[in-house]
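Let's take a look at some charged side chains and where they sit. Have the sequence and the 3D view open as you read.

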Amino acid sequence: WRACQDALNLLYGPYLEFQQQLDVSEATHANAAEQAMAQGRPSVTLVCFVGGVTYGEIAAIRRLSEMEEGRRRFLVLTTEML
């Protein structure tokens, strides 16, 4: 997120940034994710498109997946393919 801050500053309109505090039960889930990564299992990122997604956007996500070299899988949720 922080790596693309310059590009995000070029976008028009307001933005909102907030950080959630972890409670004890969420910390347990975070540890489970770290354990899965230590065992060589990839983490999963859910990408949601409300209003539809283009084939070009899907191609960009597939490229990101290749760049991650198997460390991360992307799951796409959309209302429509455009």
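## Salt bridges around a helix

Arg 63 is partly exposed, with 47% relative accessibility (buried means under 20% relative accessible area, exposed over 50%, and partly exposed in between, using a 1.4 Å probe and protein chains only). A quick note: this is a predicted model, where local features need pLDDT of at least 70 and side-chain atom pairs count only at pLDDT 80 or more, while totals for chains, interfaces and linings use all residues. Residues are numbered from 1 along each chain as its sequence is written, and side-chain values use heavy atoms, leaving out hydrogens and water.

Arg 63 pairs up with Glu 66 in a salt bridge (a side-chain nitrogen of Lys or Arg within 4 Å of a carboxyl oxygen of Asp or Glu). These two are three residues apart in helix α3, so about one helical turn separates them. Helices here are DSSP runs of H or I with at least four residues, numbered from the N terminus. Helix α3 covers residues 55–67, and Glu 69, which follows α3, has a positive phi near 55°.

How many salt bridges does this rule give? The count is four, and here are three of the pairs:

| Pair | Closest N to O distance |
|---|---|
| Glu 66 and Arg 63 | 3.6 Å |
| Arg 71 and Glu 68 | 3.8 Å |
| Glu 69 and Arg 71 | 3.6 Å |

Glu 68, Glu 69, Arg 71 and Arg 72 are linked in a salt-bridge network. Within that network, Glu 69 is exposed at 66%, whereas Arg 71 is partly exposed at 48% and Glu 68 is partly exposed at 22%.

Key. Expected span 1.5 Å × (residues − 1).
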